[in-house]
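Reader: I'm new to this. Could you show me how to read a structure, one feature at a time?

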Amino acid sequence: MADHLKTTFEKYQFWAFTAMASILAGIVLNSQADTNRRQEETQREIVAMSKQVAVVVVKLESYEMAQRSLQDEVKELSKRVGTLERDNGEIKQQLRQLSK
């Protein structure tokens, strides 16, 4: 009888350990699945942010090009204003000479 009880106890002990191992394996798999899901979400966020950064960079480059274009235009207009002021000065001088 004692041998039978010992054998029965060992069987239950084996099944208890097996059940615990199975539960632990399930916990590990669920944890790993959660980690993988979070990693995928993070990766998607990184891709989305990278695209946003690329758009901002393109816009900045566009603004910089527009700014350079405007600066070139301002230089050209400044040259024209300078020429007109010189011409105006010459005309004023000619008027003074004519009025004498």
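Author: Sure, and let's begin with a term. A residue is called buried under 20% relative accessible area, exposed over 50%, and partly exposed in between. Keep in mind that this is a predicted model.

Reader: Okay, let me try it. Is Ser-50 buried, partly exposed or exposed?

Author: Ser-50 has 42% relative accessibility, so Ser-50 counts as partly exposed. Ala-66, at 38%, counts as partly exposed too.

Reader: Which helix are those two in?

Author: Ser-50 is found in helix α1, and Ala-66 is found in helix α1 as well.

Reader: How many helices and strands does the protein chain have?

Author: One helix and zero strands. Helix α1 covers residues 2-99.

Reader: What does the C-alpha trace look like in terms of its span?

Author: Check its principal axes: the trace spans about 145 × 15 × 10 Å. You can also look at the radius of gyration. For a compact globule of 100 residues that would be near 13 Å, but this protein chain has 43 Å.

Reader: How far apart in space are Ser-50 and Arg-96?

Author: From C-alpha to C-alpha they are 68 Å apart, with their positions 46 residues apart in sequence. Try another pair: Ala-66 and Ile-91 are 25 residues apart in sequence and 37 Å apart in space, again C-alpha to C-alpha.

Reader: What share of the 100 residues is buried?

Author: Just 1% of them. As for the accessible surface of the protein chain, the total is about 9,600 Å², and 61% of that belongs to carbon and sulfur atoms.

Reader: Which residues make a nonpolar surface patch?

Author: Ile-23, Leu-24 and Ile-27 make one of about 310 Å². Take Ile-23 as an example: Ile-23 sits in helix α1, and its 54% relative accessibility is over the 50% cut-off, so Ile-23 counts as exposed.

Reader: Now charges. How many positive and negative side chains are there?

Author: The protein chain has 15 positive and 14 negative ones, and the centres of the two sets lie 7 Å apart.

Reader: And how do I read a salt bridge?

Author: Here's the general idea. Side chains of opposite charge can pair when their charged atoms come close. For a salt bridge, the cut-off between the nitrogen and the carboxyl oxygen is within 4 Å. By this rule there is one salt bridge here. Arg-37 forms it with Asp-34, and their closest N and O atoms are 2.2 Å apart.

Reader: Why are Arg-37 and Asp-34 separated by about one helical turn?

Author: Because they are three residues apart in helix α1. Arg-37 is partly exposed at 42% relative accessibility, and Asp-34 is partly exposed at 32%.

Notes: Residues are numbered from 1 along each chain as its sequence is written. This is a predicted model: local features need pLDDT of at least 70, side-chain atom pairs count only at pLDDT 80 or more; totals for chains, interfaces and linings use all residues. Side-chain values use heavy atoms; hydrogens and water are left out. Patches are made of residues with over 30% relative accessible area and no salt bridge: like charges are joined within 9 Å, nonpolar side chains (Val, Leu, Ile, Met, Phe, Trp, Tyr) within 5 Å. Accessible areas come from the Shrake-Rupley method with a 1.4 Å probe; for residues, only the protein chains shown count as cover. A salt bridge is a side-chain nitrogen of Lys or Arg within 4 Å of a carboxyl oxygen of Asp or Glu. Helices (H or I, at least four residues) and strands (E, at least two) are DSSP runs, numbered from the N terminus. Buried means under 20% relative accessible area, exposed over 50%, partly exposed in between (1.4 Å probe, protein chains only). The radius of gyration is taken over C-alpha atoms; the globule rule is 2.2 Å times the number of residues to the power 0.38. Lys and Arg count as positive and Asp and Glu as negative; His and the chain ends are not counted. The place of a charge is taken as NZ of Lys, CZ of Arg, CG of Asp or CD of Glu.
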